[in-house]
Amino acid sequence: MIAFHVVPQAFSLAECAQIAALALAAPAQEAGLVRRARDHNLRRAELVWVDDVPDTDWVMDRLIDVVRVANREVFDFDLQDFAESPQIARYDAARQGHFGWHSDVGDGTLAARRKLTLVTQLSDPGDYSGGTLEVWFDSNLRTAPLEPGTAVLFPSFALHRVVPVTQGERLSLTVWAHGAPFR
Ligand SMILES: O=C(O)CCC(=O)C(=O)O
Ligand SMILES: [Fe+2]
């Protein structure tokens, strides 16, 4: 099974800036985990659900295209739908934004069906320190490239984390593709 797939320029720089601006204008929610439990030791971030932001159909359309191509060419998972809104997460240094080691698959109705995770970098790496996304699937730890617009995809059950942001602010755009649970 492929652990980690990188798609450069899934979004242009201008598109990343546009998505970031929409997110900064929208009211954010404190980040929950699957099933909306809150554990600040595990995650500190603010979330905006893309489906709650007007005029973002093009964002979802692009994400669907990128997932479709990656799944056809690389993963070949049995995917059925996108059952949850994409999320924009803001991790800032003031709150030591981070997300500890976790899997995106949980035992909630939706989280149990997560199969493929896609994360797009939205921020210029010059705007923050720390904040790297690491995926630990096998003996190799993989780090998501920092270029804004670059997307990474990995099986949703793979352990991953966002290390604490120590300066500035990092934004990311995440979406999950769902299907019958792995068996
Ligand atoms: O912000 C990221 O890079 C990762 C987000 C994530 O792992 C999640 O929302 O489950
Ligand atoms: Fe995650």
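In β13, the residue that serves as bridge partner of G130 is V165, and this pairing belongs to a set of 3 bridges that join strand β8 (residues 128-130) to β13, the two running antiparallel. The model in which these pairings are seen is a predicted one. Its chain averages a pLDDT of 92, with 94% of the residues scoring at least 70, and the model as a whole scores ipTM 0.99 and pTM 0.94.

Strand β13 (165-178) has further partners. It is joined to β7 by 7 bridges, and these two strands run antiparallel; in this pairing Q121 has S172 of β13 as its bridge partner. Strand β5 is also joined to β13, here by 6 bridges and again in the antiparallel sense, and I88 stands opposite L173 in β13.

I88 leads on to the interior of the model. The largest nonpolar core has 36 residues, and those that touch the most other members are I19, I88, L118 and L153. The elements that contribute two or more residues to this core are the helices α1 and α2 together with the strands β5 (87-92), β7, β9, β11 and β13. The largest share, 6 residues, comes from β13, the strand with which this account began. For L118, once its neighbours within four places in sequence are left aside, the contacts are L63, V66, V67, A151, L153, T174 and V175.

Two of those contacts, L63 and V67, are also among the buried residues of helix α2, which are V59, L63, V67 and A70. Because these four cover an arc of only 70° around the axis, they are placed on the same side of α2. What covers the buried residues of this helix includes β1 (5-7), α1 (13-25), β7 (114-121), β11 (151-155) and β13 (165-178). On the other side of α2 the picture is reversed, for D57, W58, D61, D65, R68, V69, R72 and E73 are exposed there. The length of the helix can be checked as well: at 1.5 Å a residue, the 19 residues of α2 (residues 57-75) should span 27 Å, and the end C-alpha atoms are 25 Å apart, which agrees. Just after α2, D76 takes a positive phi of about 60°.

A further part of the model is an open sheet of 5 strands, whose order is β3-β6-β12-β9-β10 and whose pairing is antiparallel. In general, the strands of a sheet pair through backbone hydrogen bonds, and they may do so either parallel or antiparallel. The edge strands here are β3 (43-44) and β10 (141-143), since each of them pairs on one side only.

Following the order from the β3 edge, the reader finds 2 bridges that join β3 to strand β6 (residues 98-102), the two running antiparallel, and R43 has F99 in β6 as its bridge partner. β6 also pairs with strand β12 (residues 159-162), in the antiparallel sense and over 2 bridges, where H102 stands opposite H160 in β12. Towards the edge formed by β10, strand β9 (residues 133-136) is joined to β10 by 3 bridges, and these two strands run antiparallel; the bridge partner of V135 is R142 in β10. Strand β9 also links this sheet to the interior described above, being one of the elements that give two or more residues to the core.

Definitions and conventions. Residues are numbered from 1 along each chain as its sequence is written. Chains are lettered from A and ligands numbered from 1 in the order in which they are written. This is a predicted model: local features need pLDDT of at least 70, side-chain atom pairs count only at pLDDT 80 or more; totals for chains, interfaces and linings use all residues. The expected span of a helix is 1.5 Å times one less than its number of residues. A residue is buried if 20 or more other C-beta atoms lie within 10 Å of its own, exposed if 12 or fewer, and partly exposed in between; C-beta atoms are placed from the backbone. The arc is that of the directions from the helix axis to the C-beta atoms. Two residues are in contact if their C-beta atoms, placed from the backbone, lie within 7 Å. Two strands pair if DSSP finds at least two bridges between them. pLDDT is the predictor's confidence in each residue, from 0 to 100. A nonpolar core is a set of buried Ala, Val, Leu, Ile, Met, Phe, Trp, Tyr and Cys residues joined through C-beta atoms within 7 Å.
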